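Work through the exercises below with the model open. Try each task before reading its solution.

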Amino acid sequence: MQKLEQKSTSLGLELGSTRIKAVLAGPDGTVLASGAHDWQNRFEGGYWTYHLDEVWTGVQHAFRDLARNYEAAFGEPLRTVGALGVSAMMHGYLPFDRQGRPLTAFRTWRNTTTRAAAEALTERFRFNIPQRWTVAHFYQAILNGEDHVRQVDFLTTLAGYLHWQLTGQKVLGIGDASGVFPIDSRTCDYDAGMLASFDELLAGAGLHCHLRDLLPRVLCAGQDAGTLTEAGARLLDPTGTLGAGIPLCPPEGDSGTGMAATDSVAVRTGNVSAGTSVFAMVVLEKPLAKVHPEIDLVTTPDGRPVAMVHCNTCTSDLDDWVRLLGEMAAAAGATLSRNELYTLFYRKALEGDPDCGGLVNFNCFSGEPVTGLPDGRPLLVRRPDARFTLANFARVQLYACLATLKYGLDILFEEEQVTADHLLGHGGLFKVPVVGQKLLAGALGVPVSVMQTAGEGGPWGMALLAGYRLHRAEGETLEQYLHRRIFAGAVGSTVQPDARDSRGFAAFMKQYIRCLAVERAAIDALP
């Protein structure tokens with residue numbers, strides 16, 4: 001068996017919405033081994049959440065799966081790595097007291113319970129504060145008069161929490177930090193003026209603290225973010241095989257790892273991550289002219305400003321329909337694997353009419369701030385004369401995954417005149433070759449590329465950021481490192497926009513926007 005210098009490798013862990021995944025990469029980014037653990041959010045006490053004990057169970061299972069696969073491939077236990085990094089779903093709310101105890105259940109990005117706080121902060125800062133952001137959750141808790149706010153000693157994200165437990169360091173990568181509080185890209189830190197403004201709100205609420213003291217320290221890609229402690233090593237690997245002392249890179253959110261995984265950290269580059277949620281990011285040449293509630297301003301892992309359109313729901317409704325059709329196939333005696341079902345469904349969508357034959361679908365499982373929906377009710381709408389075929393049904397499911405994204409990006413491309421030379425796609429929507437890529441290119445009118453590594457997604461991007469911490473040369477930027485060392489010979493495919501698809505999607509969107517009133521009525525009728 002091939003032997004490997006373990007200290008030349010980098011390990012990325014990412015806690016996604018439905019899967020926790022670990023990826024081990026070589027110095028050139030080659031995936032050496034991976035492991036995974038499936039999990040799901042819960043709706044409890046009025047909030048979407050994950051239990052923190054499930055976080056560690058899932059991380060341990062994913063790492064154990066990776067270590068087992070590594071040993072099978074290389075004939076030796078995985079005892080160390082050169083560097084590691086953790087990432088997770090961005091945003092949300094994790095408050096802790098002075099003893100490090102959680103004060104509430106984890107409130108995830110999926111919650112849309114902070115509208116009053118988000119709107120008030122947006123008006124105060126003249127900067128869009130989305131409902132998902134940590135500061136919106138914190139201020140909403142203050143407005144609600146929740147008892148725990150007087151005990152808060154530390155606020156962080158899910159990635160920041162993991163990193164803290166592994167290293168003892170209360171830090172965040174700048175990309176993840178940009179979903180906590182607005183960032184000043186010139187200083188690569190939280191915006192000082194807005195911090196001072198928020199402190200006035202704290203004082204007005206009788207809270208004698210400074211927000212900066214409650215937040216993690218901001219770090220950029222490549223900086224030292226501490227080392228794996230003995231206790232942290234046991235959290236990852238209870239068997240005791242993995243040793244302590246491994247250097248860590250700054251923890252990042254899933255937007256930052258998506259940018260790294262698609263080589264999209266340079267100006268005028270962008271990417272679309274499409275899975276349980278969907279978001280698009282474009283690295284900006286200049287600031288936006290106006291504040292848009294549909295567009296978040298975040299950063300690359302090295303601090304460049306990024307415009308982001310984030311939509312809460314993408315494939316959840318589609319996944320349910322594929323599962324249901326799989327049950328129908330099984331009842332008819334057909335044995336199809338999950339992969340075969342998805343491939344059949346996606347390819348059938350390409351046979352559908354460009355406008356879906358008049359079908360309209362809402363895939364909303366939760367509220368959708370981009371379209372102003374306070375909650376979600378999955379909904380299929382059609383006129384009696386619509387062309388209700390399997391192909392059109394499959395196509396409208398995929399269109400629904402992209403509709404709110406298109407709604408937000410139209411503001412970015414048309415009103416703000418932002419330019420993206422092309423977009424890189426990654427995530428579950430692109431696992432079936434060509435289909436999601438073709439429909440996205442038509443919807444947005446922009447060439448869409450997908451690399452062979454697209455299926456690895458965020459965990460691989462986190463491994464690359466850990467590799468940058470380990471291997472970068474003096475003065476080598478993240479853009480240079482990714483472009484020259486990782487993606488120089490990358491294999492992928494690019495699909496140009498098809499005019500028929502573009503016209504069809506535009507027709508679908510007109511119907512979709514008209515039917516937003518139907519979705520709002522469904523929310524009211526089914527509380």
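For helices, an axis is a line fitted to C-alpha atoms over the stretch in contact, and the angle is taken between N-to-C directions. The model is predicted.

**Exercise 1. Helix packing**

Task: Work out how helix H3 and helix H6 are arranged, and which residues make the contact.

Solution:
- Start with the general scheme. Two packed helices are described by the angle between their axes and the distance between the axes.
- Locate the pair. H3 covers residues 134-143, and H6 covers residues 192-204.
- Read the geometry. The two axes come within 11 Å and cross at roughly 20°.
- Classify the angle. Angles under 35 degrees count as roughly parallel, so H3 and H6 are roughly parallel to each other.
- Add the hand. The crossing of H3 past H6 is left-handed.
- List the contact. H3 supplies Val135, Phe138, Tyr139 and Ile142, while H6 supplies Phe198, Leu201 and Leu202.
- Sort the residues by type. Seven are nonpolar; none is polar and none is charged.

**Exercise 2. Cys188**

Task: Where is Cys188 found, and is Cys188 buried or partly exposed?

Solution:
- Check the backbone. Cys188 is not a glycine, yet has a positive phi of about 50°.
- Place the residue. Cys188 sits in the loop between strand S10 (183-184) and strand S11 (189-190).
- Judge exposure. Cys188 has 24% relative accessibility, so this residue counts as partly exposed.

**Exercise 3. Gln417**

Task: In which loop does Gln417 lie, and is Gln417 buried or exposed?

Solution:
- Check the backbone. Gln417 has a positive phi of about 55°, although not a glycine.
- Place the residue. Its loop runs between helix H12 (390-415) and strand S20 (422-426).
- Judge exposure. The cut-off for exposed is over 50%. Gln417 has a relative accessible area of 58%, so Gln417 is exposed.

How values were computed
Residues numbered from 1 in each chain as written. Predicted model: local features only at pLDDT ≥ 70, side-chain atom pairs only at ≥ 80, totals over all residues. Heavy atoms only, no water. Helix = DSSP H or I, 4+ residues; strand = E, 2+ residues; numbered from the N terminus. Buried < 20%, exposed > 50% of the residue type's maximum accessible area, 1.4 Å probe, protein only. Axes fitted to C-alpha atoms, helices over the stretch in contact; angles between N-to-C directions. Parallel < 35°, antiparallel > 145°, perpendicular 65-115°, else oblique. Left-handed = near helix turned anticlockwise from the far one by under 90°. Contact = heavy atoms within 4.5 Å. Nonpolar A, V, L, I, M, F, W, Y, C, P; charged D, E, K, R; others polar.
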